[in-house]
Amino acid sequence: MGATLDLARATPAVAAVNLSGLTRGQLAAALVEAGVVPAPKAKMRAGQIFRWVHFRGVTDFEQMTDVAKETRAALAEAFVLTRPEIVERQVSRDGTRKYLIRVAPGIEVEAVYIPDVGRVGALCVSSQVGCTLNCTFCHTGTQALVRNLTAAEIVAQVQVAKDDLDEWAVDGEDRKLSNIVFMGMGEPLYNLDAVADAIEIISDNEGIAISRRRITVSTSGVVPQLQALGERTQAMLAISLHATNDALRDVLVPLNKKYDIATLIEGIRNYPGISNARRVTFEYVMLKGVNDSPDEARALVQLLKGVPAKINLIPFNPWPGTQYECSDWATIERFAAILNRAGYSSPIRTPRGRDILAACGQLKSESEKVRASVRRRDAAVLASG
Ligand code: SAH
Ligand code: SF4
């Protein structure tokens, strides 16, 4: 309770807008709306601020030395540039870093930085707290959806990682954080507006500047949103397939009952921008005795005929209470060999960060949906504090 009252003291009567999660257009509009910048100058001023925030990573308006002193003061009066709190930071034996981030009171998400993937390093970000889907092999799936993240909260995960890697104001190729994958908690296509805004911010050339070709969105197969995802984000697509027949996929990825494999493959064929240079990644989790037979490897090859595809075999990452086991290594290699012979190269994804539960599908936070009555009570306490 004491913490709640402290928070009330620290929080202005009306919560200030955090500029660091707005797109350029939203940023310009916010400046005008707050009366800080006249409309004709808003675009230019927004560009300046955007660069300070997203290229230099500043969190204090005072550091924006090319903005007039009075404007800086007016900005500080009307807005904030705060980062969320890192509740916990864990580093795996293999260098993987996992951040538990409190984006709002009681709302915690995980993001994972994985070194040496692609050219340099990837950050796996969450799009929701929990998930509405219940894929049976996924730890996140056991956490009910608390809520969608905002674009600002998605971008904040990248900002936190860049702070930790000490990687602001770095151009070019030798960056430690070069790729973003939406493979953390949640189903990105159930939160497409925020995901699209976040991608717009993260890919902006004058900011964090991670190109859209290095941003991958993974979905369990929300077919009706695929077209919009491609058109709005031009991101690379990854599909959580995991089975080659509907009977099994219905069990592993229950969303399959709504959009079956044939419907999914048809949707993927129409994904905007798909080509041999821009292939779709098919993720396939290796579950012992469930989906790992040579026949299924051959079925997978058949299924993907004519689709510009890469295949990613993911050794199952166990979590407390799961009924599944990871396939034996020899079984995974036999499966991979069949794919190799069909022309798919190096399809096995090395598990990273397993010792800190940071690997695919192991993410889960303690956040639970707070009942509306409890929220109202907390709000009343805050107001009276
Ligand atoms: N909801 C989206 C993105 C997050 S899951 C999706 O389902 O695609 C990211 C990837 O991790 C998915 O391919 C998912 O199927 C896989 N995954 C989930 N649990 C896993 C586990 N325990 N071991 C290995 N991979 C897992
Ligand atoms: Fe949700 Fe993806 Fe996990 Fe399925 S695999 S429960 S869609 S996070």
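By class, the shell around ligand 1 is made of eleven nonpolar, nine polar and two charged residues. This is a predicted model, and everything I say about the ligand shells should be heard with that in mind.

Which residues come nearest to ligand 1? Of the 22 around it, they are G186, S218, S240, H242 and N317. H242 also appears among the polar contacts, with a polar side-chain atom 2.6 Å from an oxygen atom of ligand 1. E283 contributes from its side chain too, a polar atom there lying 3.0 Å from a ligand oxygen. With T219 the contact comes from the backbone, where an N or O atom lies 3.4 Å from an oxygen of ligand 1.

On burial, ligand 1 taken alone exposes 530 Å², and the protein buries 96% of that. Three elements give two or more residues to this shell: β10, residues 215-219, β12, residues 280-286, and β13, residues 309-315. T219, with its backbone contact, falls within the range of β10, and E283, with its side-chain contact, within that of β12.

Now ligand 2. The residues around it are C131, L133, C135, C138, G141, G186, E187 and S220. By class, that gives four nonpolar, three polar and one charged. G186 is on this list, and it is also one of the residues nearest to ligand 1.

Next, the aromatic side chains. How many aromatic pairs does the structure hold? There are two. In one of them, the rings of F316 and Y324 have their centres 6.2 Å apart and their planes at 75°, and with planes over 60 degrees apart counting as edge-to-face, that is what this pair is. F316 and Y324 are both buried.

Two arginines sit over phenylalanine rings. R24 lies over the face of F50, 4.7 Å from the ring centre. The other is R51, whose charged end is placed over the ring of F55, again with 4.7 Å to the centre.

That leaves the loops. I will start with the one between α5, residues 151-165, and β9, residues 179-182, where D166 is found. D166 is not a glycine, yet it has a positive phi of about 55°. Is D166 buried or exposed? It is exposed, because its relative accessible area is 67% and the cut-off for that class is over 50%.

R175 has its place in that loop between α5 and β9 as well. Here the relative accessible area is 9%, so R175 counts as buried, the limit being under 20%. R175 and L165 are ten residues apart in sequence, and their C-alpha atoms are 9.7 Å apart in space.

A209 is another residue other than glycine with a positive phi, near 55°. Its loop runs between α6, residues 192-203, and β10. A209 is partly exposed, with a relative accessible area of 21%.

Last, Q234, in the loop between α7, residues 226-233, and β11, residues 236-240. Q234 is partly exposed as well, at a relative accessible area of 40%. Where does Q234 stand with respect to G273? The two are 39 residues apart in sequence and 7.4 Å apart in space, C-alpha to C-alpha.

To go back to ligand 1 for a moment: the side-chain contacts to its oxygen atoms include H242 at 2.6 Å and E283 at 3.0 Å, and the protein buries 96% of the area the ligand exposes when taken alone.

Methods: Residues are numbered from 1 along each chain as its sequence is written. Chains are lettered from A and ligands numbered from 1 in the order in which they are written. This is a predicted model: local features need pLDDT of at least 70, side-chain atom pairs count only at pLDDT 80 or more; totals for chains, interfaces and linings use all residues. Side-chain values use heavy atoms; hydrogens and water are left out. A residue is near a molecule or strand if one of its heavy atoms lies within 4 Å of it. A polar contact is a pair of N or O atoms within 3.5 Å; within protein, one must be able to donate a hydrogen and the other to accept it, and residues adjacent in sequence count only if both atoms are side-chain atoms. Accessible areas come from the Shrake-Rupley method with a 1.4 Å probe; for residues, only the protein chains shown count as cover. Helices (H or I, at least four residues) and strands (E, at least two) are DSSP runs, numbered from the N terminus. Ala, Val, Leu, Ile, Met, Phe, Trp, Tyr, Cys and Pro count as nonpolar, Asp, Glu, Lys and Arg as charged, and the others, Gly among them, as polar. Rings of Phe, Tyr and Trp (its six-membered ring) pair if their centres lie within 6.5 Å; planes under 30 degrees apart count as stacked, over 60 as edge-to-face and the rest as tilted. Buried means under 20% relative accessible area, exposed over 50%, partly exposed in between (1.4 Å probe, protein chains only). A charge sits over a ring if NZ of Lys or CZ of Arg is within 6 Å of the ring centre and within 35 degrees of the ring normal.
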